[in-house]
Amino acid sequence: MPRGDTALSERIAAIARIDSDARALEFEGRWYTWGDLDATMSDVGERLPRPGTQVGIILRNRPAHVGALLGVLRAGGCVVTINPHRGASRTREDIAGLGLDFLVGTVDDLRDLVTAPGVRTKVSIRELGETPVVSVDPRIEASAPLRPGVAVRMLTSGTTGVPKRIELGFDLLERVLQGAKHYEKNKAADLRLRGGVAIVNAPLVHLGGVFRTLQCVNDGRAFCLLERFSVAAWCDAVRRHRPKTASLVPAALRMVLEADVEPGELSSIRSVVCGTAPLDPADADAFFERYGIPVLVSYAATEFGGGVAGWNLADHQKFWAAKRGSAGRAHPGCALRVVCEADGTVLGSDEEGLLEVQASQLGGKEWIRTTDLARIDADGFLWILGRADQAILRGGFKVLPDDVGRALERHPDVRGAVVVGRDDARLGAVPVAAVELRPGATATDVALLEHAAKFLAPYEIPVEIRMLGELPRTESGKVDLVAISELLCPSHTPNPTSPIELSIDHPIEE
């Protein structure tokens, strides 16, 4: 079989063969061994004609999919992530547009989602360790270009628009994994299997799921894979495996809080890392008050292959009371700065502008400009204020959706709020909001508008609040802004004198 000559490829191969009978992965109460993992890696990897071959994997959080992912990486191939949770129609369109020669998935997914002609090799995976069914159509010539050096073409979550694929190189992932060692008590990188069981509850179609899986394999650590997050499944895994650290997206952290899980259930956990989406510091405080567990917020992006800033335990103990709401400080080897959106001038402490990042995993030389509006205080703490590309210009006034959402979320009945811009013929755009209430809450849209008016300028007040039973979310736990926009922003221009709008004074509109 082809074997990648990258350090990551060689590490995956070596770890899997230290002890083939040792436990590697638990799924729904069943343990699979490193030998099972190695078998699937070999069965998939040996089908790659050469390193750099692009392999589309219809990824689900199941053991066989983990084996396929690692098998392609071990062979030096390029994993093209395909998200089946976006809906059958969109997934079919995505696969057809990729023009790949090589696809991996379950029997059902390959049958139902692969309708376009031109796929030369299809690998149908079943249980981890079982030989997959391979079908090759010799009449089809391989035509997809090679991607040498690219480990993963990761599909972004598409929360703000059409999802796009970001190329993550083997060297980038190696540097990310090496950088993660900085925060571990035992920084040894020797080749061995380690004790303890980690919990992987992030979806494999998201960078967090891929990183956590690679981190476990790179460290030789067994892990428990959850097909999807639920409080019951996660708590059961924590109770049985007693991990010292855990990772939760903000929505999952709130679910744990609202389930009123007993503190003893989480007694093994020393810290929870929380990223992917903005976290209300009130939720972090509530989590610490109930469980005594610090919530360490992180700032990451798919483009960076992982985190570039965040909190650590030492900073949390020293600064949390004064800096709650911050995304933390730059990781070792990374640098942050804020520049003027208009001319790129580097700004000083606490001045608001666009965030630029110099990431060690990208070589640490080039400044990468993000679309995030931010400020950095005198102690180096990063504060994310919103996204420049989501700012709403209402009659010449800039409205930041995150500011409006946070104001709505300060109401005790609100579980979550998201704000988007709706085109308006007179003002250019106006803010509209979708709100998810807490169970049993009875707040009305008018009450929420009156509450928000205490914290916002008149031009920031939404012209409409739509109450939803549940905010639509992506697999990674982010609120799906595309779905929200489709719901709240119909093609017609809204009436600027709607009853809800008139319930609050809007001097700008007079």
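In this predicted model, the charged end of Arg-375 sits over the ring of Trp-383, at 4.5 Å from the ring centre. Trp-383 also belongs to a nonpolar core of 34 residues, which lies apart from the largest such core, one of 52 residues. The structure further holds 6 aromatic pairs, and its count of disulfides is 0.

**Charges over rings**

- Besides the placement of Arg-375 over Trp-383, Arg-337 lies over the face of Trp-367, 4.1 Å from the centre of that ring.

**Aromatic pairs**

- Among the 6 aromatic pairs is that of Phe-229 and Trp-234, a tilted arrangement with 6.2 Å between the centres and 45° between the planes.
- Trp-234 has a relative accessible area of 0% and is therefore buried.
- Trp-311 and Phe-381 form a tilted pair as well, with 5.0 Å from centre to centre and 45° between the planes.
- This pair joins distant parts of the chain, its two members being 70 residues apart. Trp-311 lies in the loop between strand S15 (306–310) and helix H11 (313–323), while Phe-381 lies in the loop between strand S19 (368–376) and strand S20 (382–387).
- Both members are buried: Trp-311 has a relative accessibility of 5%, and Phe-381 has a relative accessible area of 0%.
- Through ring pairs, Trp-311 and Phe-381 are linked with Phe-319 and Trp-320 into a cluster.

**Nonpolar cores**

- Within the largest core, of 52 residues, Ile-57, Val-104 and Phe-223 have the most contacts.
- Helix H3 (residues 63–74) supplies the largest share of this core, with 7 residues.
- When neighbours within four places in sequence are set aside, Phe-223 is in contact with residues including Ala-24, Leu-25, Glu-26, Trp-31 and Val-66. Its other contacts include Val-197, Ala-198, Val-200, Thr-213, Cys-216 and Val-217.
- The separate core of 34 residues includes Ile-269, Leu-279 and Ala-284 in addition to Trp-383.

**Helix H6 and the loop that follows**

- The buried residues of H6 include Phe-170, Leu-172, Leu-173, Val-176, Leu-177 and Ala-180.
- These residues are on the same side of H6, because they cover an arc of only 160° around the axis.
- An α-helix has 3.6 residues a turn, so residues three or four places apart point the same way.
- The elements that cover the buried residues of H6 include helix H1 (7–16), H3, strand S8 (150–155), strand S9 (165–169) and helix H7 (207–219). H3 thus appears both in this cover and as the source of the largest share of the 52-residue core.
- Lys-181 lies in the loop between helix H6 (170–180) and strand S10 (194–200).
- Although its side chain is that of a lysine, Lys-181 counts as buried, because its relative accessibility is 11% and the limit for burial is under 20%.
- Lys-181 and Gly-421 are 240 residues apart along the chain, and their C-alpha atoms are separated by 41 Å.

**Cysteines**

- With a disulfide count of 0, Cys-235 is in no such bond; the nearest cysteine sulfur, which belongs to Cys-224, is 12 Å away. The cut-off for a disulfide is 2.5 Å between the sulfur atoms.
- A disulfide is a covalent bond between the sulfur atoms of two cysteines.
- Cys-235 is buried, with a relative accessible area of 5%, whereas Cys-340 is partly exposed, with a relative accessible area of 23%.

Methods: Residues numbered from 1 in each chain as written. Predicted model: local features only at pLDDT ≥ 70, side-chain atom pairs only at ≥ 80, totals over all residues. Heavy atoms only, no water. Helix = DSSP H or I, 4+ residues; strand = E, 2+ residues; numbered from the N terminus. Buried < 20%, exposed > 50% of the residue type's maximum accessible area, 1.4 Å probe, protein only. Phe/Tyr/Trp six-rings, centres within 6.5 Å; stacked < 30°, edge-to-face > 60°. Lys NZ or Arg CZ within 6 Å of the ring centre and 35° of its normal. Core = buried A, V, L, I, M, F, W, Y, C linked by side-chain atoms within 4.5 Å. Contact = heavy atoms within 4.5 Å. Arc of directions from axis to C-beta.
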